[in-house]
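Here are some notes from a pass through the model, set out as numbered points. Keep the structure open while you read.

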Amino acid sequence: MLTRTHLAITVFFILLLFSSVDYKLEFIIVSVIATFIPDIDFRFSKIGNYKTSRILQLFVKHRGIMHSFTFLFIISLFLILFFPVIAFPFFLGYSLHLLADSFTIKGIKPFYPSKKNFSGKLKSGSRAEILVFVSFLITDLLLFFIVIFNM
């Protein structure tokens, strides 16, 4: 999926959960950053285009370990132990990215190193993905106003 679609999906869940979290600013920032992290292994992604990301790309392939719940669980366990405030928003943003990518044609291998692939029929950048993006964007705007007026 495209970066904007990942972001729109994550913003939807941020807005849904916003009133029930204590550290609101950390929740927003970490969730958004975490939704981009799985694509650090892809040279043509926004985050993977940085020169520092290229070093990692020498060791991992796109939609390999970085696109797995195995990796997510290991990192989340570390965060729970040492940085508990950011553990949930990290898990949320990262897992939403993985879930969204599992609906694409390329899919993901959720339990790396298992080769089992979970995939759907959605092509990245297609009209169908644009429809998903626009639907979440409209819902995000509606939810934003609901959250603002209920504060």
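1. A word on terms before the pocket: a pocket here is an open set of grid points with protein on both sides within 12 Å along at least five of seven lines, and a residue lines it if it has an atom within 4 Å of a point. Also keep in mind that this is a predicted model.

2. On that basis, the largest pocket is lined by 17 residues. Those nearest its centre are Met1, Leu2, Phe42, Arg63 and Ser124. Its volume comes out at about 350 Å³. If you're thinking about the chemistry of the lining, it splits into six nonpolar, five polar and six charged residues.

3. Now helix 1, residues 3–17. Its end C-alpha atoms are 21 Å apart, which agrees with the 21 Å that 15 residues should span at 1.5 Å a residue. Which of its residues are buried? The list runs Thr5, His6, Ala8, Ile9, Thr10, Phe12, Ile14 and Leu15. Among the elements covering them are helix 2 (24–36), helix 5 and helix 6.

4. Helix 6 takes up residues 127–149, 23 of them. From first C-alpha to last it reaches 33 Å, close to the expected 33 Å. Glu129, Phe133, Asp140, Leu143 and Val147 are its buried residues, so two of the names on that list, Glu129 and Asp140, are acidic ones to look at in your viewer. The cover over this buried set includes helix 1, just as helix 6 is part of the cover for the buried residues of helix 1.

5. On to the rings. A pair of aromatic rings is described by the distance of the centres and the angle of the planes. There are 12 aromatic pairs in the count. One of them joins phenylalanine 69 and phenylalanine 111, which are tilted at 35° between the planes with centres 6.4 Å apart. Phenylalanine 69 sits in helix 4 (residues 69–82) and phenylalanine 111 in the loop between helix 5 (84–101) and helix 6, so this pair ties together parts 42 residues apart in sequence.

6. Are those two partners buried or exposed? Phenylalanine 69 is buried, at 18% relative accessible area, while phenylalanine 111 is partly exposed at 49%. Both also belong to one aromatic cluster, together with Phe73 and Phe91.

7. Compare the pair formed by phenylalanine 145 and phenylalanine 149: it is stacked, with 6.4 Å centre to centre and 20° between the planes. The two lie four residues apart in helix 6, so about one helical turn separates them. Phenylalanine 145 is partly exposed, with 45% relative accessible area, and phenylalanine 149 counts as exposed at 68%.

8. One peptide bond to check by eye: tyrosine 112 and proline 113 are joined in cis, with omega about 15°. Most peptide bonds are trans. Proline 113 is in the loop between helix 5 and helix 6, the loop that also holds phenylalanine 111.

9. Finally, aspartate 22, which is in the loop between helix 1 and helix 2. At 72% relative accessibility it counts as exposed. Its C-alpha atom is 9.1 Å from that of valine 85, although the two residues are 63 apart along the chain.

Conventions: Residues are numbered from 1 along each chain as its sequence is written. This is a predicted model: local features need pLDDT of at least 70, side-chain atom pairs count only at pLDDT 80 or more; totals for chains, interfaces and linings use all residues. Side-chain values use heavy atoms; hydrogens and water are left out. The expected span of a helix is 1.5 Å times one less than its number of residues. Buried means under 20% relative accessible area, exposed over 50%, partly exposed in between (1.4 Å probe, protein chains only). Contact means heavy atoms within 4.5 Å. On a 1 Å grid over the protein atoms alone, a cavity is a set of points where a 1.4 Å probe fits but cannot get out, and a pocket is an open set with protein on both sides within 12 Å along at least five of seven lines; lining residues have an atom within 4 Å of a point. Grid points are joined across faces, edges and corners, and a volume is the space filled by probe spheres set on the points. Ala, Val, Leu, Ile, Met, Phe, Trp, Tyr, Cys and Pro count as nonpolar, Asp, Glu, Lys and Arg as charged, and the others, Gly among them, as polar. Rings of Phe, Tyr and Trp (its six-membered ring) pair if their centres lie within 6.5 Å; planes under 30 degrees apart count as stacked, over 60 as edge-to-face and the rest as tilted.
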